Amino acid sequence: MKVLVTGGAGYIGSTTAFALERAGHVPVILDSLLSGPRQFVRDRLFYEGDIADRQLLRRVVSENPDIDATMHMAARIVVAESVERPYDYYRDNVAKSMELFDELVQLGKPRVLFSSSASLYAFSDSFEVDETSALDPGSPYARTKLMMEYVLQDMSAATDLRAVILRYFNPIGSDPELQSGVYVREPSHVLGQLVMAARGLKEAFVITGTHYPTRDGTGLRDYIHVWDLALAHVAAIEQFDTVLDKVGESPVVLNVGTGQGVTVRELVAAFERVSGGSVPVIEAPPRAGDAVGAYANVDRIQRLLDWSSRSSLEEALQSALKWSEKRWEVLGYD
Ligand SMILES: NC(=O)c1ccc[n+]([C@@H]2O[C@H](COP(=O)([O-])OP(=O)(O)OC[C@H]3O[C@@H](n4cnc5c(N)ncnc54)[C@H](O)[C@@H]3O)[C@@H](O)[C@H]2O)c1
């Protein structure tokens with residue numbers, strides 16, 4: 001298959017492009033390089049530009065008439081920034097995605113796999129959420145994702161558009177050949193902070209929030225190896241029509257996680273086992289907007305795509321650690 005990957009220069013997009021290639025498919029990358037590094041595109045078919053540039057989209061399709069489907073991953077993704085700059089987030093993630101979808105329908109390319117997020121879910125007492133669980137997006141970023149889910153629903157009802165929505169949990173790690181990974185200079189998320197503390201680039205790792213109603217008081221997440229997440233995209237694209245036929249409606253929403261919740265303290269302990277060193281830890285109150293967290297019920301994706309995550313937490317952490325050591329070589333910064 002030939003697959004248009006918007007945001008294919010980004011962390012998950014570049015990893016998925018590689019997974020597509022390994023499965024014998026051809027990715028076509030469309031990315032503005034707003035944040036993704038040019039290096040991650042490698043020698044793939046590449047169009048540098050904006051998802052809302054209809055003229056460019058027409059050129060992409062006229063030069064690649066055999067595109068079978070689109071993975072729409074391009075987005076602004078920094079939660080704290082979305083609180084400060086809501087206009088940029090709604091414009092880029094919502095308004096521009098609508099231009100993309102409308103143009104794809106007009107070009108006769110109606111299959112869309114959309115990157116959504118577990119940050120949509122409302123707090124659940126059991127921490128486990130399935131696709132029917134209550135939603136309560138806690139930030140402008142998360143709200144842009146929910147809005148796009150509604151847009152896909154309404155456009156599916158009114159046009160030829162067909163969509164599968166993947167709600168990602170917390171991807172970590174790199175691909176098997178360490179081609180790409182987390183590239184922001186100072187990652188704000190928990191694993192990036194942990195790696196920096198372990199490598200002495202930060203004095204200590206700060207656990208933000210120790211009085212949550214979890215088993216040890218710290219926040220809980222479902223960390224999924226990014227390679228497993230990439231393979232879920234390959235499975236979804238290969239079985240796109242079958243899945244929509246089976247379910248009988250569009251969009252089909254699927255959680256993509258491991259099905260295991262891991263607390264921050266457990267993550268630190270696992271990281272210390274994998275890295276063989278100890279990480280200095282400081283405890284602090286929660287940051288504004290921090291969520292207790294959730295883990296995925298993955299029955300639906302297992303049943304519909306016959307996909308489940310294969311890597312252990314330790315393997316995913318090992319991969320993240322190896323990438324952090326290789327990063328300089330690929331990106332030119334630590
Ligand atoms: N990383 C996560 O933890 C996570 C979790 C849930 C969902 N997601 C979603 O997965 C997708 C990919 O995330 P990522 O972590 O790889 O992010 P990323 O920032 O690494 O990748 C996004 C890419 O989109 C490009 N881009 C942004 N706006 C664009 C535009 N208007 N036109 C063209 N290109 C544009 C950027 O240059 C970047 O390369 C996003 O939609 C994100 O919301 C990510």
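Student: What makes helix α1 count as lying across β1, β2, β4 and β7?

Tutor: In this predicted model, contact means heavy atoms within 4.5 Å. Helix α1, residues 11–22, lies across β1 (2–6), β2 (26–31), β4 and β7 (162–168). Its direction is at about 160° to β2.

Student: Which strands does helix α8 lie across, and at what angle to β7?

Tutor: Helix α8 (residues 240–247) lies across β5, β7 and β12. The angle to β7 is about 95°.

Student: Why are β4 and β5 called paired?

Tutor: Two strands pair if there are at least two bridges between them. Strands β4 (residues 67–72) and β5 (residues 111–117) have three bridges, in the parallel sense, so they qualify as a pair. One residue of interest is Thr70, whose bridge partner in β5 is Val112.

Student: What makes β3 and β12 the edge strands?

Tutor: The open sheet has seven strands, in the order β3-β2-β1-β4-β5-β7-β12, with parallel pairing. Both β3 (45–48) and β12 (252–256) pair on one side only. From one strand to the next, the twist averages 20°.

Student: How do you know that Met71 is buried?

Tutor: Met71 belongs to the largest nonpolar core, which has 52 residues. A nonpolar core is by definition a set of buried residues, and buried means under 20% relative accessible area; therefore Met71 is buried. Met71 is also among the residues with the most contacts inside this core, together with Leu254, Val256, Ile301 and Leu305. Residues touched by Met71 include Val3, Leu20, Leu113 and Ile237.

Student: Which helix gives the most to this core?

Tutor: Helix α7 (residues 226–238) does, with nine residues. Another core, of 25 residues, lies apart from it and includes Leu30, Leu104, Met148 and Val253.

Notes:
Residues numbered from 1 in each chain as written. Predicted model: local features only at pLDDT ≥ 70, side-chain atom pairs only at ≥ 80, totals over all residues. Heavy atoms only, no water. Helix = DSSP H or I, 4+ residues; strand = E, 2+ residues; numbered from the N terminus. Axes fitted to C-alpha atoms, helices over the stretch in contact; angles between N-to-C directions. Core = buried A, V, L, I, M, F, W, Y, C linked by side-chain atoms within 4.5 Å. Buried < 20%, exposed > 50% of the residue type's maximum accessible area, 1.4 Å probe, protein only. Lists of a residue's contacts leave out its neighbours within four places in sequence.
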